[in-house]
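Dear colleague,

I am handing over the structure below, together with a summary of what was found in it. Please read the notes with the coordinates open beside you.

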Amino acid sequence: MPAKVAILTKNAPPPLPGVLSQGIVANGTVFCSGQVAVDPATGKMVEGDIAARTHRVIKNLQAVLEAAGTTIENVVKVNVFIDNMDNFAKMNEVYMQYWGDVKPCRTCVAVKTLPLGTDVEIECTAVLP
């Protein structure tokens with residue numbers, strides 16, 4: 001088996017060609033690129049507030065994780081990027097619904113701008129079962 005394997009699924013937005021992979025599996029670990037709230041069926045950003053977009057972002061991550069052979073329950077580290085810490089509580093309300101009883105380690109930072117002008121981007125690292 002190669003040292004690293006790229007993950008590509010139609011159930012998450014396509015990666016920028018020649019720039020990144022949706023995910024990489026290496027040494028029993030899955031590294032997911034940051035996801036934004038693009039609906040893979042339409043190719044468009046989800047409308048609504050940060051809560052609606054956080055749901056879509058996490059669903060996109062779930063699709064990459066599943067294509068890699070793991071689940072959100074096996075996530076060990078999450079990095080959340082939001083446009084404004086005023087959105088922290090709304091994002092957390094959604095976030096807490098997904099990660100199970102043992103929450104992964106996490107970093108959350110506010111950044112000046114995010115891709116496509118969105119307000120949330122999330123990346124994660126998981127282990128294979």
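Where does threonine 118 lie? Threonine 118 is placed in the loop between β7 (105–110) and β8 (120–127), and please bear in mind throughout that this is a predicted model. Although it belongs to a loop, threonine 118 counts as buried, at 6% relative accessibility. Leaving aside residues up to four places away in sequence, threonine 118 touches Val36, Met45, Arg53 and Asp83. Leucine 116, which is found in the loop between β7 and β8 as well, counts as exposed at 67% relative accessibility, and its phi is near 60 degrees, a positive value in a residue other than glycine.

A positive phi also occurs in asparagine 27, where the angle is near 50 degrees, again in a residue other than glycine. Asparagine 27 lies in the loop between β2 (23–26) and β3 (29–35), and with a relative accessible area of 77% asparagine 27 is exposed.

Turning to the chain as a whole, the protein chain has two helices and eight strands, and read from the N terminus on, its elements follow the order β-β-β-β-β-α-β-α-β-β. For 129 residues, a compact globule would have a radius of gyration near 14 Å, and the protein chain agrees with this, since its own value is 14 Å. The C-alpha trace spans about 45 × 35 × 25 Å along its principal axes. Of the 129 residues of the protein chain, 41% count as buried, while the chain exposes about 7,100 Å², of which carbon and sulfur atoms supply 56%. Among the contacts in the protein chain with a separation of 6 or more, 68% are accounted for by residues 24 or more positions apart. As for charge, there are 11 positive and 12 negative charges in the protein chain, and their mean positions are 5 Å apart.

Two residues of helix α1 (residues 50–68) were examined individually, and the following concerns threonine 54 and leucine 61. Threonine 54 counts as buried, at 0% relative accessibility, and, not counting residues up to four places away in sequence, it touches Met91, Val94, Tyr95, Val120 and Ile122. Leucine 61 is likewise buried, with a relative accessible area of 0%, and its contacts, with the residues up to four places away in sequence again left out, are Cys32, Ser33, Gln35, Ile122, Glu123 and Cys124. Ile122 thus appears in the contact list of threonine 54 and in that of leucine 61. Leucine 61 and serine 21, which are 40 residues apart in sequence, stand 13 Å apart in space, C-alpha to C-alpha.

The cysteines deserve a separate paragraph. How many disulfides does the structure hold? The number is zero. Cysteine 105 is in no disulfide, and the nearest cysteine sulfur, that of cysteine 124, is 13 Å away. Cysteine 124 is in no disulfide either, the nearest cysteine sulfur being that of cysteine 32 at 3.9 Å; a disulfide would require the two sulfur atoms to be within 2.5 Å, so this pair does not count as one. Cysteine 124 is buried, with a relative accessible area of 3%, and, as noted above, it is one of the residues touched by leucine 61.

The loop between α2 (88–95) and β7 contributes the remaining two residues, and one of them is glycine 100. Glycine 100 is partly exposed, with a relative accessible area of 23%; measured against the 20% under which a residue counts as buried, this value falls on the partly exposed side. Glycine 100 and asparagine 74 are 26 residues apart in sequence and 9.6 Å apart in space, C-alpha to C-alpha. Lysine 103 has its place in the loop between α2 and β7 too, and lysine 103 is partly exposed, with a relative accessible area of 42%. Between lysine 103 and glutamate 93 there are 14 Å in space, C-alpha to C-alpha, at ten residues apart in sequence.

With kind regards

Terms used:
Residues numbered from 1 in each chain as written. Predicted model: local features only at pLDDT ≥ 70, side-chain atom pairs only at ≥ 80, totals over all residues. Heavy atoms only, no water. Buried < 20%, exposed > 50% of the residue type's maximum accessible area, 1.4 Å probe, protein only. Helix = DSSP H or I, 4+ residues; strand = E, 2+ residues; numbered from the N terminus. Rg over C-alpha atoms; globule rule 2.2 N^0.38 Å. Contact = heavy atoms within 4.5 Å. Areas by Shrake-Rupley, 256 points an atom, 1.4 Å probe, with all protein chains shown as cover. Lys, Arg positive; Asp, Glu negative; His and termini not counted. Charge placed at Lys NZ, Arg CZ, Asp CG, Glu CD.
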